[in-house]
Amino acid sequence: MKKKEKPNNNNSKDNDFIKNLIISILIVICLIAAFAIYYFNVNKVKNEEKELDYTEFITSINEDSIEKIKMTTGSSTLTVTMVGEGEEKDREKTVIVPSIQAFMEWIQEKIDKEGVSIELIQVPVNPILKISDTLFSLLPTILLIVLMVMIIKMQGFGGDSGKVYGGEDGSKKTDVRFDDIAGLDEEKAELVEIVDFLKSPKSYLDMGAKIPRGILLYGKPGTGKTLIAKAIAGEAGVPFISMSGSEFIEMFAGLGASRVRRLFDRAKKLSPCIVFIDEIDAIGSRRATNSGAETENNQTLNQLLVEMDGFESNETVIVLAATNRPEMLDKALLRPGRFDRQVTIPAPDLNGRESILKLHSKNKKFAQDVDFKDIAGDTAGFTGAELANLLNEAAIIATRNKHEEITNNDIENAVKKITVGLEKTNRVVSDKDKRLTAYHEAGHAVVSKFLPTQTNVKEISIIPRGLAGGYTMYKTNEDKYYVSKTELLEKMVALMGGRAAEQVALNEISTGASNDLEVATGIAKDMLTVYGMDEKIGPLSIKVDDPYEIQLFGDKITDAVGNEIQVLIDNAYKTAQEILIANRDILDRVAERLLEKEKITSEEFEEFFK
Ligand code: ATP
């Protein structure tokens with residue numbers, strides 16, 4: 001496997017972060033020290049000397065009981081020495097004067113005119129105390145500034161926008177090539193043209209052709225959108241700048257638009273290059289005019305549109321953006337000159353999965369029995385990222401089992417771990433729960449055997465895995481683009497098989513069916529509101545989660561949807577019960593075998609029907 005490329009500015013960002021952290025820590029230490037010195041000195045004065053009340057002090061002056069007054073510039077606290085016997089230090093007291101200037105004028109007059117004998121001494125300010133005093137008074141301001149600087153740094157206000165591969169600073173170019181992407185042949189063919197544009201923009205411009213500005217990649221997470229964008233930059237040998245939509249919009253408003261501007265300024269300097277914006281829906285969702293967050297979004301999106309419109313013809317910057325929610329995007333993004341090309345990146349089909357598995361198997365050792373075509377058959381719906389993860393999990397399982405090579409069994413275990421969860425062999429399960437699970441799983445398996453559209457059972461188990469007490473795995477069908485109404489109805493019957501078996505065999509129902517009910521209800525809801533498959537409701541598409549849309553249809557339709565969902569589920573449950581009652585002996589035998597062996601393979605299961 002390829003080593004993960006690291007953009008060079010990650011390092012400098014890390015260094016900046018450490019530098020900022022050290023500076024912040026030093027500032028905090030200085031402030032604490034200043035506070036400590038200040039506190040210590042103030043307390044020292046307070047503790048060592050007794051305080052004198054101001055009126056007492058004035059009376060003492062009038063009674064000639066004061067020998068000396070020491071004052072520090074700028075301080076309203078005076079140290080006075082009382083007349084008397086003993087050490088001078090012991091006779092010292094402190095007094096706080098309300099107005100030092102008024103007091104000075106008064107005492108001076110008393111000394112000059114009335115001949116009062118008091119020694120006035122001006123004490124120089126203690127420099128340490130003065131510094132710490134100043135620092136302490138500035139403490140709130142300094143803290144505020146430090147905090148603001150840190151927040152601004154965190155927001156990347158001063159730094160560059162986006163990660164760069166292959167910039168002028170000598171950072172490493174992306175070394176991903178089209179060969180590193182398995183499957184997706186049509187999509188690659190469509191994008192080869194972009195590589196050519198980037199390699200020799202002049203020949204296209206000379207011919208009067210306009211360079212495409214933006215390409216939107218639609219697809220589920222993990223289907224390889226980022227990989228394709230990197231491969232285009234890699235094939236063309238141009239820099240690749242990437243940023244995620246959510247990075248534009250973070251804690252503070254107003255930064256999104258400036259980040260977009262900086263990202264594009266940077267891209268123009270590096271032209272020809274690729275700018276990749278992942279999760280563009282975070283900034284590119286339909287503009288609204290109401291809330292504050294929306295306004296921030298709007299500004300960021302508007303800036304993006306301005307930047308995309310503002311390229312000079314000699315600036316070969318191609319913007320690739322990825323989303324898995326195309327329906328959310330603002331229509332303005334899709335106008336000519338912006339993201340006017342859209343490429344759908346699908347989850348891989350059977351052949352695609354096989355080639356992705358082969359590609360990711362290169363640096364791993366596999367046993368003879370491993371057949372990637374079979375694994376591809378068992379992993380319908382897996383994305384490229386999930387397949388890469390599957391082989392990694394298999395390698396971990398093989399290592400844990402001390403195998404020399406990754407075996408087919410290791411891979412099958414990895415599939416189960418990913419789809420159902422980890423096997424919990426140590427979990428203590430009561431006999432009653434085991435019996436319930438055995439009937440529940442046997443119910444699913446037996447019912448599905450009588451439903452022509454459902455795939456064959458692959459394995460039944462009552463060993464807990466993940467959150468499930470047991471599971472029934474089915475063989476996967478070859479990838480299909482469409483699912484028929486009959487298939488959906490029968491899928492609901494198979495899902496109801498678990499609950500129905502509990503009722504039929506044990507005359508009791510349990511919480512174990514909650515997930516089945518959730519999935520079945522979801523199918524019924526989609527049949528009625530997404531696929532328009534119900535005669536009573538008609539071929540309507542009703543967005544039930546959208547309160548505005550649901551209002552459109554009024555109570556009559558929404559009530560009917562609710563009723564029909566119930567009818568579909570009830571019918572599915574009844575059919576499952578009927579199948580199980582008619583085949584009660586098989587149900588009992590499968591459940592008993594499960595209790596005895598804990599796991600039944602596909603072949604063993606088929607034996608019950610011979
Ligand atoms: P997201 O939407 O979550 O950002 P994505 O569609 O951008 O996901 P990538 O990040 O490109 O997906 O893919 C993740 C990883 O999955 C890749 O690094 C690669 O290892 C693997 N992968 C995905 N698709 C393919 C493919 N067609 N061929 C080979 N590897 C693939």
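A polar contact here is a pair of N or O atoms within 3.5 Å. By that cut-off, Thr226 makes one with the ligand in this predicted model: an N or O atom in the Thr226 side chain sits 2.5 Å from an oxygen atom of the ligand. The side chain of Lys225 does something along those lines, with an N or O atom 2.9 Å from a ligand oxygen. With Ala182 it is the backbone that takes part, as one of its polar atoms lies 2.9 Å from a nitrogen atom of the ligand. Taken alone, the ligand has 630 Å² of accessible area, and the protein covers 77% of that.

As for where the shell comes from, helix H7 (225–236), helix H12 (350–360) and helix H14 (384–400) are the elements that give two or more residues to it. There are 18 residues around the ligand, and those that come nearest are Ala182, Gly222, Lys225, Thr226 and His360. Sorted by class, the shell is a mix of eight nonpolar, six polar and four charged residues.

Turning to the surface, a nonpolar patch is formed by Leu21, Ile22, Ile25, Leu26 and Ile29. Together these five side chains' residues have about 460 Å² of accessible area. Leu21 belongs to helix H1, which runs over residues 8–48. Why does Leu21 qualify for a patch? Patches take residues with over 30% relative accessible area and no salt bridge; Leu21, at 39%, is over that limit, so it passes on area while still counting as partly exposed.

Definitions and conventions. Residues numbered from 1 in each chain as written. Predicted model: local features only at pLDDT ≥ 70, side-chain atom pairs only at ≥ 80, totals over all residues. Heavy atoms only, no water. Patch = residues over 30% accessible without salt bridge, like charges linked within 9 Å, V, L, I, M, F, W, Y side chains within 5 Å. Areas by Shrake-Rupley, 256 points an atom, 1.4 Å probe, with all protein chains shown as cover. Salt bridge = Lys/Arg side-chain N within 4 Å of Asp/Glu carboxyl O. Helix = DSSP H or I, 4+ residues; strand = E, 2+ residues; numbered from the N terminus. Buried < 20%, exposed > 50% of the residue type's maximum accessible area, 1.4 Å probe, protein only. Near = heavy atom within 4 Å. Polar contact = N/O pair within 3.5 Å; in protein donor to acceptor, adjacent residues only side chain to side chain. Nonpolar A, V, L, I, M, F, W, Y, C, P; charged D, E, K, R; others polar.
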